[in-house]
Amino acid sequence: TNIMLKMIVPFISQTPEDGAMGIIKGMMHPDAESGVLYGPELGKFKGAAVPNPPKECETNPVGIGMLWKTSEEATGVDFQI
């Protein structure tokens, strides 16, 4: 099973370096837009970093507030914006 997994994984996943390209593109590319998520095309696990529209759960104000509050509690840091 382990041998088969090692043979299949390169075809369905990215290297760590390729996986980081969405974050790097979002931070550094001159055409990167705020609020846009960059990564493989939606529904795919590998490929070039392209703009992807946010999902509803990623823009829901209630969910954002819960994540923010939980993050502050977990880190013990109060962020004022």
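Leaving out neighbours up to four places away in sequence, Leu37 is in contact with Val50, Pro51, Asn52, Pro54 and Glu58. These contacts belong to a predicted model, and they offer a starting point from which the surroundings of a few residues can be described. Leu37 itself is part of strand E1, and it counts as partly exposed, because its relative accessible area of 40% falls between the limits of 20% for buried and 50% for exposed residues. With respect to Thr59, which is 22 residues away along the chain, the C-alpha atom of Leu37 lies at a separation of 12 Å.

One of the residues touched by Leu37 is Asn52, which is located in strand E2, a run that covers residues 50–52. The relative accessible area of Asn52 is 9%, and Asn52 is therefore classed as buried, the limit being under 20%. When neighbours within four places in sequence are set aside, the contacts of Asn52 are with Val36, Leu37, Tyr38, Gly39, Pro40, Glu41 and Leu42. Two further values describe how the side chain of Asn52 is placed with respect to backbone oxygens. A polar atom of this side chain lies 3.0 Å from the backbone oxygen of Pro40, while the backbone oxygen of Val50 is reached by the side chain of Asn52 at 3.3 Å.

Glu41, which also appears among the contacts of Asn52, is situated in the loop that runs between strand E1, residues 37–39, and strand E2. Its relative accessible area is 46%, so Glu41 is described as partly exposed. Apart from residues up to four places away in sequence, Glu41 touches Ala48, Val50 and Asn52. Between the C-alpha atoms of Glu41 and Pro51 the distance in space is 7.8 Å, the two residues being 10 apart in sequence.

A further residue to be considered is Asp18, which is found in helix H2, a run that spans residues 16–19. Asp18 has a relative accessibility of 43% and therefore counts as partly exposed. The C-alpha atom of Asp18 is separated by 8.6 Å from that of Ala49, although the two residues are 31 apart along the chain.

The wider setting of these residues is given by the chain as a whole. Its secondary structure consists of five helices and two strands, and the order along the sequence is α-α-α-β-β-α-α, a pattern in which the two strands follow three helices and precede two others. For the chain of 81 residues, the radius of gyration is 17 Å, whereas a compact globule with this number of residues would have a value near 12 Å. Taken along the principal axes, the box filled by the C-alpha atoms is roughly 50 × 35 × 25 Å.

Of the 81 residues in the chain, 7% are buried, and Asn52 is one of the buried residues. The accessible surface of the chain amounts to about 7000 Å², and carbon and sulfur atoms account for 67% of this surface. Where contacts between residues at least 6 apart in sequence are considered, 24% join residues that are at least 24 apart. The chain carries 6 positive and 10 negative charges, and the mean positions of these two groups lie 11 Å apart.

Methods:
Residues numbered from 1 in each chain as written. Predicted model: local features only at pLDDT ≥ 70, side-chain atom pairs only at ≥ 80, totals over all residues. Heavy atoms only, no water. Helix = DSSP H or I, 4+ residues; strand = E, 2+ residues; numbered from the N terminus. Rg over C-alpha atoms; globule rule 2.2 N^0.38 Å. Buried < 20%, exposed > 50% of the residue type's maximum accessible area, 1.4 Å probe, protein only. Contact = heavy atoms within 4.5 Å. Areas by Shrake-Rupley, 256 points an atom, 1.4 Å probe, with all protein chains shown as cover. Lys, Arg positive; Asp, Glu negative; His and termini not counted. Charge placed at Lys NZ, Arg CZ, Asp CG, Glu CD. Polar contact = N/O pair within 3.5 Å; in protein donor to acceptor, adjacent residues only side chain to side chain.
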